[in-house]
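I have opened a fresh page for this one. My plan is to look at one strand and then step back to the whole chain.

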Amino acid sequence: MSKYLVDKFLFTVDRDPELVERYREDPAGTVAWWEAERANRLLGCHTGESSTWQAFEPGEREALATHDYPALFGLGAHPFLTLTLFIAMFERDYDEPLGFQQEYARRLSHHSLPYPDIAT
Amino acid sequence: MAELAAVIASTHHPFFYRASTSTGRDRPPFADEWVRKVEAFRETLTRARPDVLVMVGSDHFHQLWLDNMPQFLVGKAPYYDANFYNEQREFGLPRMLLHGHEDLSAYLLREGMDAGFDLAMSNELRVDHSITCPIITLRPGNDLPIVPVYTNIFAPPLPQPKRFVQLGRTLRELVESWPGNQRVAVIGTGHLSLELGGPRQFGPHGPDPEFDARAVEWIASGDIDGCLSEVTLDSLHAPGNATHGFMDFMLMMGVAGAGAKADYVDTLDLFHTMEAYFTWYPNGAAGP
């Protein structure tokens with residue numbers, strides 16, 4: 001389980017306008033690049049220090065690489081991070097206000113309480 | 001000693017700024033009523049004539065991250081830049097700059113630790129919409145220095161609800177023992193029932209109107225014991241997956257005090273969530 005790393009991907013992509021567009025256009029390529037180049041970067045270290053052990057599980061990599069936000073919900077990715085990033089990428093494709101957000105809810109409607117654990 | 005001039009608890013709805021400033025066809029039908037309610041709520045702070053604001057909120061994974069996550073944090077800086085790129089992108093919130101009150105920050109940190117809260121500290125904190133929304137609604141002139149207090153309602157493991165109440169009580173004791181004669185308002189924002197990124201999000205009302213009604217009653221009547229007897233970290237999942245933000249309201253109940261009836265209560269049922277506004281005047285209402 002590397003829920004933390006999935007959250008780290010969502011967090012770091014969401015805060016970077018260029019990465020938001022790159023992930024929208026090329027999800028598989030962006031996930032592969034990010035896992036190779038960014039996954040281990042320690043965000044709070046000014047010297048560019050890195051960890052040595054971060055890696056996605058296969059199901060996590062697949063869910064991110066296919067924009068599969070229902071799968072991310074099922075894996076326990078933090079729902080606020082997933083929602084925020086996916087609104088940034090896909091709200092623009094819907095004509096009605098909140099159209100994407102309501103489809104998002106519908107695609108998760110098979111879930112009932114308790115939801116997947118988001119603790120990292 | 002300083003005077004606790006007002007205690008204010010509010011929801012923080014990031015869409016208010018856009019709704020209230022939009023015009024013509026872009027203006028949602030509920031905007032006028034929402035603005036009227038916010039302006040009436042604003043008057044409750046204005047009447048208290050505060051000199052400084054202690055602002056309780058929660059970072060939404062903006063500056064604070066899972067590699068180093070504080071449970072309770074007090075900012076100590078002369079300035080706080082505010083709002084982030086993704087809040088500008090999603091909510092249209094403007095970039096802002098708030099003044100800090102470093103003396104009160106230092107006092108809350110030192111005395112808070114000595115009172116049993118090992119508070120984290122930040123000398124360079126960019127605050128997000130949990131703090132800028134109440135500035136926009138309650139003090140749009142942004143003319144007062146603040147002390148930001150952040151709580152973790154977002155990244156498990158979270159502190160227990162009773163800890164939020166206890167921190168609220170402690171904040172009140174500290175404000176009222178702060179040397180000097182400044183008038184301090186404590187303003188905290190959170191949520192009633194709320195779902196984000198889950199199947200119950202963005203419905204016609206909040207995800208759990210029954211919870212919202214009980215919550216408003218707990219807050220308005222100062223029923224801390226009743227609230228603590230029903231609210232647990234587990235129970236807060238039921239009204240909506242982001243409802244742990246209600247614990248910031250519980251913190252504000254701690255500031256207001258057990259049994260303290262709110263002097264001002266208002267709500268507004270919106271799509272997606274219920275807005276709720278409360279004001280207490282611990283020493284009686286200020287004159288007009």
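First, my terms: two strands pair if DSSP finds at least two bridges between them. Helices (H or I, at least four residues) and strands (E, at least two) are DSSP runs, numbered from the N terminus.

The model is predicted, so I keep to its limits: local features need pLDDT of at least 70, side-chain atom pairs count only at pLDDT 80 or more, and totals for chains, interfaces and linings use all residues. Residues are numbered from 1 along each chain as its sequence is written, and chains are lettered from A in the order in which they are written.

**Entry: the neighbours of β8(B).** I looked up strand β1 (residues 3–11) of chain B and found that it pairs with β8(B) in the parallel sense over eight bridges. Here Ala6(B) has Ala185(B) as its bridge partner. Strand β2 (residues 52–57) of chain B also runs parallel to β8(B), joined by five bridges, and Met55(B) is partnered with Ile187(B).

**Entry: burial.** Is β8(B) enclosed by the rest of the structure, or open? Eight of the eight residues of β8 (residues 183–190) of chain B are buried (under 20% relative accessible area, 1.4 Å probe, protein chains only), so the strand is largely enclosed. Arg183(B), Ala185(B), Ile187(B) and Thr189(B) point one way, while Val184(B), Val186(B), Gly188(B) and Gly190(B) point the other.

**Entry: the whole chain.** I noted nine helices and ten strands in chain B. Buried residues make up 62% of its 288 residues. The C-alpha trace spans about 50 × 40 × 40 Å along its principal axes.

Methods: Heavy atoms only, no water. Buried < 20%, exposed > 50% of the residue type's maximum accessible area, 1.4 Å probe, protein only.
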